[in-house]
Amino acid sequence: MKNHNEKKIALEEAAVSIFLNLYNLNRSDHLEILEKRERPDYLLKDINHNRLGLEVTHLFYDSDEARSMLNRSEPKRDKPQNSKGHIEVLNKLLKQKEKKLEQYDTDYPISLLVRNASVKKLINAEITAEQLLNYIAEDYRSFENVEIHDTSKMNGLDLSGIVLENCCLSLDFTDARCIRAQFINCNLKGCTFEGADLQFSRFVDCALCSAEFTNAKVDGIFFEGNYFHSTVLDILDLYRMVGKMD
């Protein structure tokens, strides 16, 4: 039960952090956490000291996926997913939360934050760039141990939140939107990120030989353990590649 509670708290904290970063990136009233509580989950305030309650919940495809994500059972990957199933679960979840919020007695408004925690994931595959585009079109956002054999242009695509771990690819991400994308232990030799929006993304332990980052947006990026041939790169090296430093 301890692992379940810790996982649930971690999911809630991550959801609120993502929400606040995106909200404050696009709004001027700037929200911040006033306190963590039970009913509702969080109390926020803006720059004018107006308070807002925030109830946090996560959307899973079904109970099996929820138990797996909360460390209550082993993951099951043999079930096909479809949007109709997601909509049915979402509508049921909204009705449950509506009844719960009716019981709250507060003098400030309450918003409901629903984070989609269900992620389509491709594991242990060798695919073409065209197949990768097809998977992305089908809303796959997580790829692990995937090798992409040829090259292709991802120019201007919205790849926000995509996760690539232990993958090998050489693609053109020019002007792509990769906010909060994660590249973990990937071979990215020859990839082009020129002009790409990489804000709040993560590059960890990746090979970046001949990779191009000119004019990329890198505010809030996490950049650690990456290397160019035998040289380990740091954030200043990235800024030089972007063109922020002479």
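**Exercise 1. In what order do the 4 strands of the open sheet stand, and is the pairing parallel, antiparallel or mixed?**

*Solution.* The model is predicted, so local features are reported at pLDDT of at least 70 and side-chain atom pairs only at pLDDT 80 or more, whereas totals for chains, interfaces and linings use all residues. Residues are numbered from 1 along each chain as its sequence is written, and side-chain values use heavy atoms, without hydrogens or water.

Step 1. Strands (E, at least two residues) and helices (H or I, at least four) are DSSP runs numbered from the N terminus. Two strands pair if DSSP finds at least two bridges between them.

Step 2. The order is 1-2-3-4, and the pairing is mixed. At the edges stand strand 1 (32-36) and strand 4 (110-116), each of which pairs on one side only.

Step 3. Strand 1 and strand 2 (residues 42-45) run antiparallel and are joined by 4 bridges. Opposite Glu-35 stands Leu-43 of strand 2.

Step 4. Direction ignored, neighbouring strands of this sheet are turned by 35 degrees against each other on average; the axes are lines fitted to C-alpha atoms, and angles in general run from 0 to 180 degrees between N-to-C directions.

**Exercise 2. Determine how strand 5 connects to strand 6.**

*Solution.* Step 1. The two strands pair in the parallel sense over 7 bridges. Ala-125 has Val-146 in strand 6 as its bridge partner.

Step 2. From strand 5 the chain passes through helix 4 to strand 6, a right-handed β-α-β crossover. Right-handed means that, with the strands pointing away from the viewer, the path from the first strand over the helix to the second runs clockwise.

**Exercise 3. Trace the salt bridges of Glu-55 and explain what they tie together.**

*Solution.* Step 1. A salt bridge is a side-chain nitrogen of Lys or Arg within 4 Å of a carboxyl oxygen of Asp or Glu. The whole structure holds 10 salt bridges.

Step 2. One of them joins Glu-55 to Lys-97, with the closest N and O atoms 3.4 Å apart. Because Glu-55 lies in strand 3 (residues 51-59) and Lys-97 in helix 3 (residues 83-101), this pair ties together parts that are 42 residues apart in sequence.

Step 3. Glu-55 also meets Lys-100 in a salt bridge of 2.9 Å, N to O. Lys-100 lies in helix 3, 45 residues from Glu-55.

Step 4. Buried means under 20% relative accessible area, exposed over 50%, and partly exposed in between (1.4 Å probe, protein chains only). Glu-55 is buried at 1%, Lys-97 is buried at 11%, and Lys-100 is partly exposed at 30%.

**Exercise 4. Which residues have the most contacts inside the largest nonpolar core, and which strand supplies its largest share?**

*Solution.* Step 1. A nonpolar core is a set of buried Ala, Val, Leu, Ile, Met, Phe, Trp, Tyr and Cys residues joined through side-chain atoms within 4.5 Å.

Step 2. The largest such core has 40 residues, and Phe-143, Phe-173, Leu-188, Phe-193 and Leu-198 have the most contacts inside it. Strand 5 (120-127), helix 4 (129-137), strand 6 and helix 5 (235-242) each supply at least two residues; the largest share, 4 residues, comes from strand 6.

Step 3. Leaving aside residues up to four places away in sequence, Phe-193 touches several residues, including Phe-173, Leu-188, Phe-203 and Phe-213; contact means heavy atoms within 4.5 Å.
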